[in-house]
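Biologist: Could you walk me through this model, one feature at a time? I would like to hear the reasoning behind each answer.

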Amino acid sequence: MLRRFEVHRATSVAEAIALRTKFGDDAAVYAGGTELLLAMKLGIARWPHLIDVKPIAELRRIDVTRGVLRIGATVTHWDLERDEQVARAVPALARLERNVANVRVRAAGTLAGNIAFAEPHADPPALLMALGARVVLAGSGGTHTVAIRDFITGMYQTTLAADEIITAVEVPIADARRTAAYVKFQILERPSAGVAIAAELRDGRFVGAPVVVVGAVDEMPRMVDTVGLASAPTRDAATADALASAARAAVEPVADLAGSAEYKRHLVGVFARRALDALVAEAA
């Protein structure tokens, strides 16, 4: 059973920040609540105060401006999978959102909340890191942005300060020459392994090195060292072997009910190859 807590409904970003400043670590921001309330029910975490940011109208917006897809903090997975702007600007994200968890989670859960909670078994962070996405943070000291690769620091850990809230997620919109793909292996509603890849392809080769991120097997998403794949042919067996090997080397899998560390490392290699295949198919 949930312990007693108090809900404070903020109607503006300034009010939300004031509440965060007042209650500090005794408060959590509440939007979708799909992870937050579950953790509280299980007794894993407890916050005497929840700050409900759903009434803040400006956090519900999805905008495309100056080559950036800006997703407000209370935009749900369901919103993203159906939005035409998202489908045009970042098609890989739209496809991912259609396969997050289940309908109930997608209808209530938010992209910003998913990132803020830093649940290791999640789909969005790996792809967003590969795309160079960042979070917009607002606090008593003002507003600033942080790359998601720097924002998530560990299992359920981020750089979010006690007086800050996420106001948006910003995803750079790549030109037509750059492509992205995300593939995963999933048991029930959570991924057991996920691999994201983003790259520019020309004449069957990478232009520079691809950006590859492995998620859902480690305590946090891991960037893969792909320097050796710069300008490599994308349909070559040696390239696939090298990518799989680099992806396996990048992670320290955590054994759990979804499988042993050895099994998960094997999955990473398999799905790194599939991510490359998906990227080539998407580019074609």
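What follows is a friendly exchange about a predicted model.

Biologist: Let's begin with a helix: how far apart are the end C-alpha atoms of α11?

Modeller: Helix α11 covers residues 261-283, which makes 23 residues. At 1.5 Å a residue it should span 33 Å, and the model agrees with this expectation. The distance between its end C-alpha atoms is 33 Å.

Biologist: Which elements are included in what covers the buried residues of α11?

Modeller: The buried residues of this helix include Leu267, Val268, Phe271, Ala272, Ala275, Leu276 and Leu279. An α-helix has 3.6 residues a turn, so residues three or four places apart point the same way. The cover over the buried residues of α11 includes β11 (178-187), β12 (190-202), β13 (205-215) and α10 (237-250).

Biologist: Nice. Now the nonpolar interior: how many residues has the largest nonpolar core?

Modeller: In soluble globular proteins, nonpolar side chains tend to be buried together. Here the residues with the most contacts inside the largest core are Ile71, Ile115, Leu127, Val135, Ile148, Val169 and Val171. The size of that core is 54 residues.

Biologist: And how many residues are in the other core, the one that lies apart from it?

Modeller: Among the members of this other core are Val212, Leu229, Val251 and Val268. Val268 is also one of the buried residues of α11. This core, apart from the largest one, has 27 residues.

Biologist: Which residues is Ile115 in contact with, leaving aside neighbours within four places in sequence?

Modeller: Ile115 is listed with the residues that have the most contacts inside the largest core. Val135, Ile148 and Val169 are in that list too, and each of them is in contact with Ile115. With those three included, the partners are Leu128, Val135, Ile148, Phe151, Ile152, Thr158 and Val169.

Biologist: Glu170 caught my eye: is it buried or exposed, and which side chain does its own side chain meet in a polar contact?

Modeller: Glu170 is found in strand β10 (residues 165-172). With a relative accessible area of 12%, under the 20% limit, Glu170 counts as buried. Beyond four places in sequence, it touches Val68, Leu69, Arg70, Ala133, Arg134, Val136 and Thr145. The polar contact, at 2.7 Å, is with the side chain of Arg70.

Biologist: What about Asp123: which side chains does it join through polar contacts of 2.6 Å and 2.9 Å?

Modeller: Asp123 lies in the loop between α7 (111-117) and α8 (124-130), and its relative accessible area of 4% makes it buried. Leaving out residues up to four places away in sequence, it touches Leu96, Asn99, Val100, Tyr182, Lys184, Gln186 and Pro191. The 2.6 Å contact is with Tyr182, and the 2.9 Å contact is with Lys184.

Biologist: Let's turn to pockets: what is the volume of the second largest pocket?

Modeller: Of its 19 lining residues, the closest to the centre are Ala89, Ala174, Arg178, Thr179 and Ala180. α4 (84-89), α5 (91-97), β11 and α11 each supply at least two residues of the lining. The volume of this pocket is about 320 Å³.

Biologist: α5 came up there; what separation do the C-alpha atoms of Ala92 and Ala198 have?

Modeller: Ala92 is in helix α5 and is buried, at 6% relative accessible area. Setting aside residues up to four places away in sequence, it touches Leu127, Ala180 and Ala181. Although Ala92 and Ala198 are 106 residues apart along the chain, their C-alpha atoms are separated by 9.7 Å.

Biologist: Last one, on backbone angles: what is the phi of Ala101, and what is the phi of Tyr156?

Modeller: Ala101 sits in the loop between α5 and α6 (103-108), while Tyr156 sits in the loop between β8 (152-154) and β9 (157-158). Ala101 is partly exposed at 25% relative accessibility, and Tyr156 is partly exposed at 44%. Neither is a glycine, yet phi is positive in both. For Ala101 it is about 45 degrees, and for Tyr156 it is near 60 degrees.

Conventions
Residues are numbered from 1 along each chain as its sequence is written. This is a predicted model: local features need pLDDT of at least 70, side-chain atom pairs count only at pLDDT 80 or more; totals for chains, interfaces and linings use all residues. Side-chain values use heavy atoms; hydrogens and water are left out. Helices (H or I, at least four residues) and strands (E, at least two) are DSSP runs, numbered from the N terminus. The expected span of a helix is 1.5 Å times one less than its number of residues. Buried means under 20% relative accessible area, exposed over 50%, partly exposed in between (1.4 Å probe, protein chains only). Contact means heavy atoms within 4.5 Å. A nonpolar core is a set of buried Ala, Val, Leu, Ile, Met, Phe, Trp, Tyr and Cys residues joined through side-chain atoms within 4.5 Å. A polar contact is a pair of N or O atoms within 3.5 Å; within protein, one must be able to donate a hydrogen and the other to accept it, and residues adjacent in sequence count only if both atoms are side-chain atoms. On a 1 Å grid over the protein atoms alone, a cavity is a set of points where a 1.4 Å probe fits but cannot get out, and a pocket is an open set with protein on both sides within 12 Å along at least five of seven lines; lining residues have an atom within 4 Å of a point. Grid points are joined across faces, edges and corners, and a volume is the space filled by probe spheres set on the points.
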